[in-house]
Amino acid sequence: MLAALSVLPSREARFAVGVDYPAGTYPCSVAIGLLDGDKAPDLAVVNYGSNSVSVLLGNGDGTFLEPRQFPTAFLPYVVTIGDWNVDGRADLAVASEGSGTVTELLGEGDGSYGNRTDLAVGGGAYSVAAGDLNADGFPDLVATNLNRNQVTALLSRGDGSFLPGISFPTAHGPRSVAIADLDLDKVPDLVVACFNSDAISILLGNGNGTFRHWIDYPTGPSPYSVQVGMLDGDSWPDVAVSSLVSNSISVFLGTGHAMFRRRRDVRTGKQPYGLAIADLNSDGRMDLSTSDLATSTVSIALGEGNGNFLRSERLPTGSNPQSIAVGDLNLDGMPDFVTANTGSNTVRIFLNRAKAAPR
């Protein structure tokens, strides 16, 4: 039996009508970051169908310039942003499931990316995340290997190069990975959504870039995207994962020492792929949003601050949104979001019309 989810009166989360921008062919992942050195957030979009990443530079008001494309390895799937060579310029890392590599693209500081290196991580590299795994001050990378049922850690040398990958087993079918300190020991841990096992795998870190044997928690069918956040107001990190077949988000509330309560399911649109955690209505409580592939919508579930969530509005996106990212795109202090729409070869921008809380 699942823990009951209380049904409470709806509150408001207000967004403007979405605006579309062209990307490449079959855009399936989007990330928000400062790519050209100004204060305006920019977008990096992975194009599965054109083996490229598109960069859309922001104007600071929620609008964007025309995309510029940079080549990646075969069948790129997920992009993350960081500074791999610690030069103060934003770099990209792209997991490519067709080549089993992570493509490292070093930034020039103006939104262009010409220096490319492909790092071997194993078969079916569907996701990549960044964090300092061994406490040396340099950002490292972790990629999922769907075909080998493992994750691979790439430890940074601090100059843009990485040591050969070290792999750690997970449950079957790892699709996405998040890095977070789950047991508050100041050591990064991993949460992996394992698509073929209907579970998340928890791998606790040792502080040197290695990880212990995994522990599984059952999710809804076909877990896809995983995120970590503070969902119930205590000091322990919580986990949310989109469940593709059950049309829901599985929520796991932390109880300390990387242990979690029985899952709670939050309804979404049909086939939720991407997942984000953010305070969308400025009430101090974390909310959930998903990009729903089959219904071409974004679903928003407003948090009550105790691990319960309200049913809220669904917003139309472009065709078949496969990814969602949240950030303040127009510098008004409120989180906006963007979806990568694989069926229409676009990204859609939704600007938040709620007012920021007084500081």
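Is alanine 258 buried or exposed? I started my notebook with this one. The model I'm looking at is predicted. Alanine 258 has 6% relative accessibility, so it counts as buried, since buried means under 20% relative accessible area.

**Entry 1: odd phi values**

I looked up where alanine 258 sits, and found it in the loop between strand 21 (254–256) and strand 22 (259–260). Its phi is near 65°, which is a positive value in a residue other than glycine. I noted that down because most residues other than glycine have a negative phi.

Then I went to leucine 184, where phi is also positive, near 55°, and the residue again isn't glycine. Leucine 184 belongs to the loop between strand 14 (174–180) and strand 15 (189–194). How exposed is leucine 184? I got 43% relative accessibility, so leucine 184 goes down as partly exposed. Alanine 258, by contrast, is buried.

**Entry 2: strand 25 and its neighbours**

Next I checked strand 25, residues 287–292. How many of its residues are buried? I found 6 of the 6, so strand 25 is largely enclosed by the rest of the structure. I also sorted its residues by direction: Asp287, Ser289 and Ser291 point one way, while Leu288, Thr290 and Asp292 point the other way. Residues on both sides are buried.

Which strands does strand 25 pair with? One partner is strand 24 (residues 272–278), antiparallel, over 5 bridges. In that pairing I saw isoleucine 277 matched with leucine 288 of strand 25. Another partner is strand 26 (residues 297–303), which is joined to strand 25 by 5 bridges and also runs antiparallel. Here threonine 290 has serine 299 in strand 26 as its bridge partner.

I followed the chain from strand 25 into strand 26 and found a hairpin with 4 residues between the strands. Serine 296 in this hairpin takes a positive phi near 50°.

**Entry 3: an open sheet of four**

I moved on to a sheet made of 4 strands. In what order do the strands stand? I wrote down 1-30-29-28, an open sheet with antiparallel pairing. Why does one side of strand 1 (19–22) and of strand 28 (321–327) lack a neighbour in the sheet? Both stand at the edges with a single partner strand each, so one side of each is left free of a sheet neighbour. I also looked up the twist: neighbouring strands here are turned by 25° against each other on average, direction ignored. A reminder to myself: strands of a sheet pair through backbone hydrogen bonds.

**Entry 4: strand 30 in that sheet**

I zoomed in on strand 30 (residues 346–350), which is joined to strand 29 (residues 336–341) by 5 bridges, running antiparallel. Across this pairing, valine 338 stands opposite isoleucine 349, and threonine 339 stands opposite arginine 348. On its pairing with strand 1, I counted 4 bridges, again antiparallel. Proline 22 stands opposite threonine 346 there.

Is strand 30 mostly covered or mostly uncovered? It is mostly covered, with 5 of its 5 residues buried. Thr346, Arg348 and Phe350 point one way, and Val347 and Ile349 the other way. I noticed that the buried set includes Arg348.

My last lookup was the turn. Strand 29 and strand 30 form a hairpin with 4 residues between them. Asparagine 345 in that turn has a positive phi of about 55°.

Notes: Residues numbered from 1 in each chain as written. Predicted model: local features only at pLDDT ≥ 70, side-chain atom pairs only at ≥ 80, totals over all residues. Heavy atoms only, no water. Helix = DSSP H or I, 4+ residues; strand = E, 2+ residues; numbered from the N terminus. Buried < 20%, exposed > 50% of the residue type's maximum accessible area, 1.4 Å probe, protein only. Pairing = 2+ DSSP bridges. Axes fitted to C-alpha atoms, helices over the stretch in contact; angles between N-to-C directions.
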